[in-house]
Amino acid sequence: MTTTTQTPAATSPSIIPEQRHVTWAVTLQVSWAGIKRRFFRSLITMSGVVLAIAFLTYMQVMNDIVKSLVLANDTVLNALLQKAGVDIYAADSSDRMMILLITLSLLACLVGIINSMLMSVTERIKEIGTMKCLGALDGFIIRSYFIESSLQGVAGTVLGCILGLIVALAAAASNYHGYVMKHFPWLSVAGSLVISLLIGTLLSVVAAILPAYLAAKKQPVDAMRVEE
Amino acid sequence: MSISEDIIVKASGVTKVYQLGAEAVHALRGIDLEVRRGEYLSILGPSGSGKSTFFNMVGGLDRPTEGNVEVDGYCLQELNQKQLAWVRCHKMGYIFQSFNLIQTMTALENVSLPRIFAGETPAQAREAAAEILTVVGLGHRLTHLPSQVSGGQQQRIAIARALVNRPSIILADEPTGNLDLKTGEEIIHLLGEMKEKFGITVITATHDMKMLSASDTVVWIKDGRADRIARKGEFEVSIGTIDGKTLA
């Protein structure tokens, strides 16, 4: 509680204190309640990220496994590979079509996050206005939106990586049986997972910027309007 | 510009012009008003009269086209965004018709928000919030969500939230508009009680006759001007009309 002495004359603006920023840690604590209680809603937002990243992970891991199996150059295995439609003479199967598909799915995921966060800004105009009436600065609104959509994005990314890996392993095992574990490319699979994690996190953080900025631009007077 | 010790709000020559396409809409045509410290003031006027516009200016939510609004010694027009946020946080408490509680936060979390914005840690803020919630009679509802309590209790949470930073002014926009008769009365009573307890000035925009009888001063706004200002005893309240004027 600050105590300000009442002055008879209008106070000069230079000596009026400025509202200070709420720290990231406190903002996280404040936003956490909302994230927790909007969990179901968050799951829907997250599902787009989960699917896109699962697809990316699946494509990469599958590619890693096939490459390592082709390199093994085993007669029985080569037959299995050809049966699965792999061109064993062109070992790198990451053709242009695949890159295009992955890019498209990532773009759809980016637009999906932006879209659902923008919707939540519109839904919460009143809430944002109210917070500003209570003394919140633009920075607080930006930070809390940023934290919320980044957390959703990162959680979705981790889930997507796990899902993609499981599906890739199951598909590989059903095609190539025991050979998968015998020639499992641990290093490149780990690398692919890291790439998926990085791309997913980056995407969700980038997607969080625009909605957070727009949210902060809402005016406190919006809270006063009654629209039921 | 000097402002005497017991005047807390001073509006001088406040005008507001909105540009609506090629047409200029004069929402306020020059309002002069002084509000005394510790007073309970009601602003009255039909919709479209400029009542809400004026109310928002006193609350620092809107800027006048011309003229000045001074609140507690601060000339609102001269403040930057961060100073304005500071004044809103420390000097004003807002109460809304539709309560405007954060739905995902408990009563305690809602009330602790202004304290957190003022720079306290969440733990300190919750302590102060629990204290004031007890004062408004909700000590047993601390961990309830807004959706789990009644309308009257939600407005009590909102009043606690408006009071938690010990502001100089409470701005209440139709605080009883969404409440039934009896609950509305209780809320008006509580506002009056808090006004006495904390020495706060209460400014409301209202249609509610019950609210008027609790007021020290009533201001009628019509066509963007302060049509009439009456102190307690100078106006008579009867059902449907005040001094023969029907309410819009």
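This is a guided tour of a predicted two-chain model, selection by selection.

**Stop 1: chain B as a whole**

Select chain B and switch to cartoon. The secondary structure comes to 7 helices and 13 strands. The radius of gyration of chain B is 18 Å, close to the 18 Å that the globule rule gives for 248 residues, so chain B is as compact as a globular protein of that length. Turn the C-alpha trace along its principal axes: the spans are about 50 × 45 × 40 Å.

Now colour chain B by burial. Of its 248 residues, 59% are buried. Next, bring up the contacts between residues at least 6 apart in sequence. In chain B, 67% of these join residues at least 24 apart.

Add the surface. The accessible area of chain B is about 9,700 Å², and carbon and sulfur atoms account for 49% of it. For charges, chain B carries 26 positive and 29 negative ones. Their mean positions lie 3 Å apart.

**Stop 2: the open sheet of chain B**

Select β2, β1, β4 and β5 of chain B. These 4 strands form an open sheet, in the order β2-β1-β4-β5, with antiparallel pairing. Which strands stand at the edges? They are β2 (23-36) and β5 (74-75) of chain B; each has a single partner strand, so one side of each is left without a neighbour in the sheet.

Zoom in on β1 (residues 7-20) and β4 (residues 66-71) of chain B. The two run antiparallel and are joined by 5 bridges. To see one residue pair, pick Thr15(B): its bridge partner in β4(B) is Glu66(B). Strands of a sheet pair through backbone hydrogen bonds, so show backbone atoms here.

**Stop 3: β9 and its two partners**

Select residues 217-222 of chain B, which make up strand β9. Is this strand mostly covered or mostly open? It is mostly covered, with 5 of its 6 residues buried.

Add β3 (residues 40-44) of chain B. β3(B) and β9(B) pair in the parallel sense over 4 bridges. Leu44(B) has Trp220(B) in β9(B) as its bridge partner.

Then add β10 (residues 225-231) of chain B. This pairing with β9(B) is antiparallel, over 6 bridges. Label Val219(B) and Ile229(B); the latter, in β10(B), stands opposite the former. β9(B) and β10(B) form a hairpin with 2 residues between them. Check Asp223(B) in the turn: its phi is positive, at about 50°.

**Stop 4: helix α2 of chain B**

Select residues 81-91 of chain B, helix α2. Of its 11 residues, 9 are buried, so the helix is largely enclosed by the rest of the structure. Among the buried residues are Trp86(B), Arg88(B), His90(B) and Lys91(B).

What do the buried residues of α2(B) pack against? In chain B they meet β5, β6 (92-95), α3 (107-117) and β7. They also pack against α5 (125-133) of chain A.

**Stop 5: Glu174(B)**

Move to the loop between β7 (169-173) and α6 (181-198) of chain B, where Glu174(B) is placed. Glu174(B) has 13% relative accessibility, which is under the 20% cut-off, so it counts as buried. Leave aside its neighbours within four places in sequence and show the remaining contacts. They are Lys51(B), Gln97(B), Ala205(B), Thr206(B) and His207(B).

**Stop 6: chain A**

Hide chain B and select chain A. It has 8 helices and 0 strands. Read along the sequence, the pattern is α-α-α-α-α-α-α-α. Buried residues make up 45% of its 228 residues. Among contacts between residues at least 6 apart in sequence, 89% in chain A join residues at least 24 apart. The accessible surface of chain A is about 11,900 Å², with 71% belonging to carbon and sulfur atoms.

**Stop 7: two threonines in chain A**

Select Thr103(A), in helix α4 (residues 96-123) of chain A. Thr103(A) is partly exposed, with a relative accessible area of 41%. Draw a C-alpha distance to Leu56(A): the separation is 8.9 Å in space and 47 residues in sequence.

Finish at Thr23(A), in the segment before α1 (24-37) of chain A. Thr23(A) is partly exposed as well, at 45%. Draw its C-alpha distance to Phe140(A). The two are 8.4 Å apart in space and 117 residues apart in sequence.

Key
Residues are numbered from 1 along each chain as its sequence is written. Chains are lettered from A and ligands numbered from 1 in the order in which they are written. This is a predicted model: local features need pLDDT of at least 70, side-chain atom pairs count only at pLDDT 80 or more; totals for chains, interfaces and linings use all residues. Side-chain values use heavy atoms; hydrogens and water are left out. The radius of gyration is taken over C-alpha atoms; the globule rule is 2.2 Å times the number of residues to the power 0.38. Buried means under 20% relative accessible area, exposed over 50%, partly exposed in between (1.4 Å probe, protein chains only). Contact means heavy atoms within 4.5 Å. Accessible areas come from the Shrake-Rupley method with a 1.4 Å probe; for residues, only the protein chains shown count as cover. Lys and Arg count as positive and Asp and Glu as negative; His and the chain ends are not counted. The place of a charge is taken as NZ of Lys, CZ of Arg, CG of Asp or CD of Glu. Two strands pair if DSSP finds at least two bridges between them.
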